[in-house]
Amino acid sequence: MEHYFKTMDSPVGRLTLIASDKGLCAVLWERDDPGRTGASPGIENENHPVLVEAEKQLNEYFQKKRRAFSLDLDFVGTDFQKKVWEALLTIPFGETRTYGQIAEQIGSPKAVRAIGGAANSNPISIIAPCHRVIGATGKLVGFGGGLANKALLLDIERPYKQTSLWE
């Protein structure tokens, strides 16, 4: 299956989007290894419809105009990884879950470390929101895009709080 890619600038750095004709395969960080996703970048195509729509929706998300993504996804990974990544998609905007809660959700309560590994290898960052997974103590831990970007993404999703009558 052929893959296509394009890059985009964002508040979390330059992202590389990779798609097949079935859907989005990866959102890679600036210093990411494309090999970890199982989807080689392939051919650059700035006008591929999946990539154009992914960039549009990501920009809306970064501008706080989008709370949910509506893209066809084409995950490349093991069955266990795909189960974890599908669980990530169920975490509501602005909420977090622990690795233990994800382990319980997928019926593997003792697989907390494996959940962490699968979340760390999530190829479709931001859209499959691994940034919403935190440690059992509530601290930000392990994130392929770096903890500063994890904090920034969670901040984007923080509810708007009015601080004065004039806002």
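**Exercise 1. Helix H1**

What covers the buried residues of H1? Work it out in steps.

*Setting.* This is a predicted model, in which local features need pLDDT of at least 70, side-chain atom pairs count only at pLDDT 80 or more, and totals for chains, interfaces and linings use all residues. Residues are numbered from 1 along each chain as its sequence is written, and side-chain values use heavy atoms, with hydrogens and water left out.

*Step 1: find the elements.* Helices (H or I, at least four residues) and strands (E, at least two) are DSSP runs, numbered from the N terminus. H1 has 14 residues.

*Step 2: check the length.* The expected span of a helix is 1.5 Å times one less than its number of residues. For H1 that gives 20 Å, and the end C-alpha atoms are 20 Å apart, which agrees.

*Step 3: list the buried residues.* Buried means under 20% relative accessible area, exposed over 50%, partly exposed in between (1.4 Å probe, protein chains only). In H1 the buried residues are Val50, Leu51, Ala54, Gln57, Leu58, Tyr61 and Phe62.

*Step 4: test for one side.* These residues cover an arc of only 140° around the axis, which puts them on the same side of H1. The arc is that of the directions from the helix axis to the C-beta atoms. An α-helix has 3.6 residues a turn, so residues three or four places apart point the same way.

*Step 5: name the cover.* Contact means heavy atoms within 4.5 Å. The cover of the buried H1 residues includes strand S1 (4–8), strand S2 (15–19), strand S3 (24–28) and H5.

**Exercise 2. Helices H5 and H4**

Determine the buried side of each helix and what packs on it.

*Step 1: H5.* In H5 (residues 147–156), Asn149, Lys150, Leu153, Leu154 and Ile156 are buried. They cover an arc of only 155° around the axis, which puts them on the same side of H5. Their packing partners are helix H1 (49–62), helix H3 (99–105) and strand S6 (133–134).

*Step 2: H4.* Ile115, Ala118 and Ala119 are the buried residues of H4. Their arc is only 100° around the axis, which puts them on the same side of H4. H2 and H3 are among what covers them.

*Step 3: a polar residue in H5.* Asn149 has 15% relative accessibility, so it counts as buried. Beyond residues up to four places away in sequence, Asn149 touches Val12, Trp29 and Phe143. A polar atom of the Asn149 side chain lies 3.4 Å from the backbone oxygen of Val12.

**Exercise 3. The nonpolar cores**

Which residues of the largest nonpolar core touch the most other members?

*Step 1: define the core.* A nonpolar core is a set of buried Ala, Val, Leu, Ile, Met, Phe, Trp, Tyr and Cys residues joined through side-chain atoms within 4.5 Å.

*Step 2: rank the members.* The largest core has 39 residues, of which Leu15, Leu17, Leu24, Phe62, Ile126 and Leu153 touch the most other members.

*Step 3: trace the suppliers.* S1, S2, S3, H1, H2, H3, helix H4 (112–120) and H5 each supply at least two residues of this core. The largest share, 6 residues, comes from H1.

*Step 4: look for another core.* A second, separate core of 5 residues includes Phe5, Ile18, Ala26 and Leu28.

*Step 5: inspect one member.* Leu24 lies in strand S3. At 0% relative accessibility, Leu24 counts as buried. Past its neighbours within four places in sequence, its contacts include Val50, Leu51 and Ala54.

**Exercise 4. Aromatic pairs and Arg66**

How many aromatic pairs are there?

*Step 1: apply the rule.* Rings of Phe, Tyr and Trp (its six-membered ring) pair if their centres lie within 6.5 Å; planes under 30 degrees apart count as stacked, over 60 as edge-to-face and the rest as tilted. The count is 4 aromatic pairs.

*Step 2: classify one pair.* The ring centres of Tyr61 and Phe62 are 5.5 Å apart and their planes are at 65°, so the pair is edge-to-face.

*Step 3: extend to the cluster.* Tyr61, Phe62, Phe69 and Phe93 form one aromatic cluster.

*Step 4: add Arg66.* Arg66 sits in the loop between H1 and helix H2 (79–88). Its contacts, leaving aside neighbours within four places in sequence, include Tyr61 and Phe93. At 15% relative accessibility, Arg66 counts as buried.

*Step 5: find its polar partners.* A polar contact is a pair of N or O atoms within 3.5 Å; within protein, one must be able to donate a hydrogen and the other to accept it, and residues adjacent in sequence count only if both atoms are side-chain atoms. The Arg66 side chain makes one with the side chain of Glu60 (2.8 Å). A polar atom of the Arg66 side chain also lies 2.7 Å from the backbone oxygen of Ala68.
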